[in-house]
Amino acid sequence: MSAASDNNGRPQSRSGPLHDLDRTKRRFTFTAAIIVLAVFFIVVILAAFTSVLDAIVFSGVSLAYLVGYAMFALALVVAHMYQRKAKQLDDLTERVRAQIREGGAE
Amino acid sequence: MNATAFVMFLGIVAITLGITYWASKRTNTAGGHFVAGGGITGWQNGLAISGDYVSAASFLGISGAIALTGYNGFYLALGVPVAYVLVLLIVAEPLRHLGRFTMADMIAVRFPRPQVRAAVAVNTLVISVIYMIVQFVGAGALVQLLLGIDYSVAVVIIGVLMIVYTFFGGMLATTWIQITKTVLLLTGAIFLTILVTRAHGWNPTAVFADTVSKLGPRAVQPQRPGFTAGLDTLSLEIGLALGVMGLPHVMIRFLTVPTAKAARMSAVVALWVFSVFYLLLPVIGYGAVLELGKETILAQNPAGNLAAPQLAERLGGSLLLAFIAAVAFSTILAVLSGIIIASSGAFAHDLFSNVMRRGAVSDKEELRAARIASVGIAAVALVLALGARNFNLAFMANLAFAIAASANLPTILFSIYWRRFNYTGAMWSMIGGLTAAVGLVLISPNIMGNNAIFPLTIPALVSVPFGFFCAWLGSVVGERRQPRTPEDDRTFEAVVTQSLVGTGSGSAPPVQH
């Protein structure tokens, strides 16, 4: 009989650390991914279908290029935020491992 | 034949052979061949991974496309940062915690049945063959153009080099060849950019300003030839952004590092390399068209693929040309080797060891199978490249991405993140995604010209949602035939746990050394 879990099989009745780790990581990952994808698709649609990005902002650099370069910056910012978050979670991860080793998370 | 270029080419090849020799002394297990024994550091891996995108195709292709068509050439760069940050967020750590030698290993933790493994292996091979043909043909053409060696001879030489690298040096050689070439290519690109900037008063934005004043604002604005072209661009970007997560030869690089932390670092380092590299490309591209003019570029190669080398020659003489050409050549060698390793994994580890022999295979046997597979695949790709010389290959690389995003991505994603995903869903999405991507290309303008039934040159816009749809529908149908059991729930929970924390010892699943 499986232990009680929420409607996507998240091990709800399992002890804290695993559940916390899972939920925290998942929340960050999906929020960040959705934001990045949303910005990306908006940029592509604006460039490919509208003239919104055609304006030359300064010294021959079009808004399209500015925004394009900004995509790289966004990716780097999100990546570093994730790295920092994951590092914070490394302790929690180690605790979960210890718990599994001691047979506690079953 | 340009003597300087010839010497440079020989020098690069000598370096790669030296690396292979060094690596061969350390590669005598299957783990060594497939994943370099898990001993690559985060920084090294980041440089190696970025090598797959910092390649001749992007360096020559994108700078040439920007030179000839302006902003639309930059579209190929736009999806890259998105792709790799998604890899970091979604796949890098789970892959390291679940996988061992191949991508199929990761999926097999949830779905151990041989059919699934076989499907992943087949998709891997299809993607790899497509990619290899594109690279091989590009390499042959480049060598012919720059050294005057006949195409067929060039292809055979490249094929022989491939066999040597992968047979003797495995993933360790491949990784270090990638690292070397990435560093060299970045150096060359930075140097070329500096020369261009100097020619424009040491002001990088002046390159843009000069482009606009000489060629008009259209040169820096996206061109929109029509609604269908817009959809094609969107399709291209979807494939690029989502396809990397399903590209076997990139994904297995995350198996070459010992920990999840190193896997994260790999992705971040790669992102930084891309950021530097891709930001230089417009400067190089516009620099080329300002310096040389469109006609000169077109005369050498209608796709503009030689714009960057021509610029190098104009600004830095035949020495810089030789350097850039030799490094561009080495990038192809590096990428090809990586693909052959990935394919040898699909053949030897997935199909032979696991599907045929059900895992009853010694390390020595698997290593031998991997080596034989490497030779065989290189030989087949060589023969295909000899025949594919005059094909229009521009769309084929994008097709590989579309297949990766449509056929592999849904399974990779849902294996880790969706409880209701089951065998039926996995099989349907892998087969359905592959069929949709390939099928749509067969009825696209790439093959059918103006009579095309499907109007886009890149299928991702349709095939990716279709792949996900198949994953969902297959799961629903499968659940109806065979309801989910507590055992299935436990498997999913175990997979989630392992994807988060690994196998308990805190590091990668045991790799034999």
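Modeller: Welcome! A cavity here is a set of grid points where a 1.4 Å probe fits but cannot get out. Please keep in mind that this is a predicted model.

Biologist: Thanks! What volume does the largest cavity have?
Modeller: The search keeps cavities of 30 Å³ or more, and the structure holds 3 of them. For the largest cavity, the volume comes to about 100 Å³.

Biologist: Which element gives the most residues to the lining of the largest cavity?
Modeller: Residues of both chains appear in this lining, including K25(A), R26(A) and Y82(A) as well as L89(B), E93(B) and Y417(B). The elements that contribute two or more residues are α1 of chain A, plus α5 (71-98) and α20 of chain B. With 4 residues, the top contributor is α5(B).

Biologist: How many residues of the largest cavity's lining are nonpolar?
Modeller: The lining includes charged residues such as K25(A), R26(A) and E93(B). By class, there are 3 charged and 2 polar residues, and the nonpolar ones number 6.

Biologist: Let's turn to the two chains. What is the area buried between chain A and chain B?
Modeller: The contact involves 60 residues of chain A and 64 residues of chain B. The size of an interface is often given as the accessible area lost when the parts come together. Carbon and sulfur atoms give 70% of that area here, and the total is about 5200 Å².

Biologist: Which residue of chain B meets D54(A) in a salt bridge?
Modeller: Between chain A and chain B the count is 3 salt bridges. In one of them, a side-chain N to O distance of 2.6 Å lies within the 4 Å cut-off. The partner of D54(A) is R224(B).

Biologist: Which element gives the largest share of the side of chain A that touches chain B?
Modeller: Four elements of chain A give two or more residues to this side: α1 (16-49), β1 (56-58), β2 (61-62) and α2 (63-101). By class, the side has 34 nonpolar, 15 polar and 11 charged residues. The largest share, 21 residues, comes from α2(A).

Biologist: Staying with that helix, how many residues apart are E94(A) and R97(A)?
Modeller: The side chains of E94(A) and R97(A) form a salt bridge, at 2.7 Å from N to O. Both residues lie in helix α2 of chain A, and about one turn of the helix separates them, a spacing of 3 residues.

Biologist: And how many salt bridges does a search of the whole structure find?
Modeller: We have already met two of them, D54(A) with R224(B) and E94(A) with R97(A). Over all chains, the search finds 18.

Biologist: Finally, which element gives the largest share of the lining of the second largest pocket?
Modeller: This pocket has a volume of about 400 Å³. Of its 19 lining residues, the closest to the centre are R113(B), N422(B), Y423(B), Q482(B) and D488(B). Two or more residues come from each of α17 (423-442), α19 (460-481) and α20 (486-501) of chain B. The largest share, 3 residues, belongs to α19(B).

Biologist: How many residues in that pocket's lining are charged?
Modeller: R113(B) and D488(B), among the residues closest to the centre, belong to this class. The lining of the second largest pocket also has 5 nonpolar and 6 polar residues, and the charged ones number 8.

Technical notes
Residues numbered from 1 in each chain as written. Chains lettered and ligands numbered in written order. Predicted model: local features only at pLDDT ≥ 70, side-chain atom pairs only at ≥ 80, totals over all residues. Heavy atoms only, no water. Contact = heavy atoms within 4.5 Å. Buried area = accessible area lost by both parts, 1.4 Å probe. 1 Å grid on protein atoms, 1.4 Å probe; cavity = no way out; pocket = protein on both sides within 12 Å on 5 of 7 lines; lining within 4 Å. Points joined across faces, edges and corners; volume = space filled by probe spheres on them.
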